[in-house]
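Let's take a walk through a protein model and see what a few of its residues are up to. Have the sequence and the 3D view ready.

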Amino acid sequence: MARIVVLGAGFAGLWAAIGAARKREEIGASVRDIEIRLVDRNSYHNIRVRNYEADLAEVALPLPQLLDPIGVSHGLGEVEAIDPARREISLVTSAGAERLSYDRLVLALGSEVVRPDIPGPAAHAFDVDTYAAALRLEDHLVSLGRSAPSAGHSTVIVVGAGFTGIEVAAEMPDRLAGVGITGNRRIILVDPNPSVGASIGAHARPVIEAALASLDVETRLGVRVASVEAAGMRLTSGEFIPAQTVIWCAGMRASPLAASFPGGRDRLGRLLVDPLMRVADVGGVFAAGDVASSVIDGLHPTVMSCQFARPMGRFAGHNVVADLVGLPMLPLRIDWYVTVLDLGGWGALYTEGWNREVRATGAAAKATKETINRKRIYPPLTGSKDELFAAAAPTVQAPPPTYGTG
């Protein structure tokens, strides 16, 4: 029996596993011919891009519901090391240390929030990087809503004015109101860049600034965090802001396990992969999602988002089986790029193209964002093998719908 191992159950890993099972059935192989095994530290697939929301009821999807119907085995384990020369993975499971061999590997361990070497973030800051972290933040906010006012009680500081930080800050007025914190609340967005959304582009920036102003979100720009303390945050400007809630959203970096492989990596630590999702100069290894970077239109590399992780996973899953049995593989090419940024009660922002031309704002863009977050990025939940395989076909979806310009 040949074994394909998929590491990670995020957007890339889940779809790689389903795509591999689809290709296995297409060629007429059985689970006895080709074992497909997915390993993750969690027993669920996290709809990670929704972790900033207050309602987390539908963002952790049990893996048995998605993988049992298609004959993909799955297990819990923390990946400690990968030896590509021996084609062996070192895991820590509930039974202790284990070693898992593979004939082919799909690395889809994703990314993690960057934690700087300054005092305090690990002890005193929250984040929305994982489902568990998002639950911890929600529990904290609910607890604040039940407690008596004190210094910094109604102040939330969000560090990082990129995509995630803006969404977290914009959602916070409604989240605070939902737990009973009203009145003199403050939401402050901190970033070392001179403007919010520095990476989102000049076309989008005025919309973001207007939305944040309407939501009464303050900014501290062109300044860095000196320390995070139990009582608040100290900035390099010398300002101390009393706050009981600090949320760290200051950048992402690929899983450190990407360093297990020789060859090139980009500034985010991502492995460079070809259009077939193969890691260069490493036999039998494919990579997809936030741990990988691929030029997908002849010019632009993928960005860390489910928009790219999902198709990268589908193609990696198809190709890893094709490679194993000596069949032609399919290159991934994506000729469109959009961003849809949630701006809380103000609405949302929809841009098209790599220069991020604004196409819709407000309620119209919000409708698109809700379609993406609640429908488009979800796998079929019916338990139907046919529906799962249809969704995992190695094709590229059309851009998400727009609903006017209002």
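## Val-114 and its neighbours

Which residues does Val-114 touch, not counting residues up to four places away in sequence? There are Trp-248, Ala-250, Gly-251, Met-252 and Arg-253. Keep in mind as you look that this is a predicted model.

To find Val-114, go to the loop between β10 (111-113) and α3 (121-124). With a relative accessibility of 33%, Val-114 is partly exposed, because that value falls between the 20% limit for buried and the 50% limit for exposed. You can also check its separation from Val-246: the two sit 132 residues apart along the chain, and their C-alpha atoms are separated by 15 Å.

## Two cysteines, no bridge

How many disulfides does the structure hold? The count is 0. Take Cys-249: its nearest cysteine sulfur belongs to Cys-306 and is 17 Å away. Looking from the other end, Cys-306 has the sulfur of Cys-249 as its nearest, again 17 Å away. Neither can be paired with the other, because a disulfide needs the two sulfur atoms within 2.5 Å.

Are these cysteines buried or exposed? Cys-249 is buried, at 9% relative accessible area. Cys-306 counts as buried too, at 12%.

## Helix α7

Cys-306 is also where helix α7 starts, since the helix covers residues 306-325. Try a quick length check here: at 1.5 Å a residue, its 20 residues should span 28 Å. The C-alpha atoms at its ends are 29 Å apart, so the model agrees with the expected value.

Most of this helix is covered, with 17 of the 20 residues buried. Right after α7 comes Gly-326, which has a positive phi near 80°.

## Two aspartates with a positive phi

A positive phi is worth a second look outside glycine, because most residues other than glycine have a negative phi. Asp-216 is one of the exceptions here: it isn't a glycine, yet its phi is positive, about 60°. You'll find Asp-216 in the loop between α6 (205-214) and β13 (217-221). Its relative accessible area is 61%, so Asp-216 is exposed.

Where is Asp-281? Look in the loop between β19 (271-272) and β20 (285-287). Asp-281 has a positive phi as well, near 65°. At 78% relative accessibility, Asp-281 counts as exposed.

Definitions and conventions
Residues are numbered from 1 along each chain as its sequence is written. This is a predicted model: local features need pLDDT of at least 70, side-chain atom pairs count only at pLDDT 80 or more; totals for chains, interfaces and linings use all residues. Side-chain values use heavy atoms; hydrogens and water are left out. Buried means under 20% relative accessible area, exposed over 50%, partly exposed in between (1.4 Å probe, protein chains only). Helices (H or I, at least four residues) and strands (E, at least two) are DSSP runs, numbered from the N terminus. The expected span of a helix is 1.5 Å times one less than its number of residues. Contact means heavy atoms within 4.5 Å.
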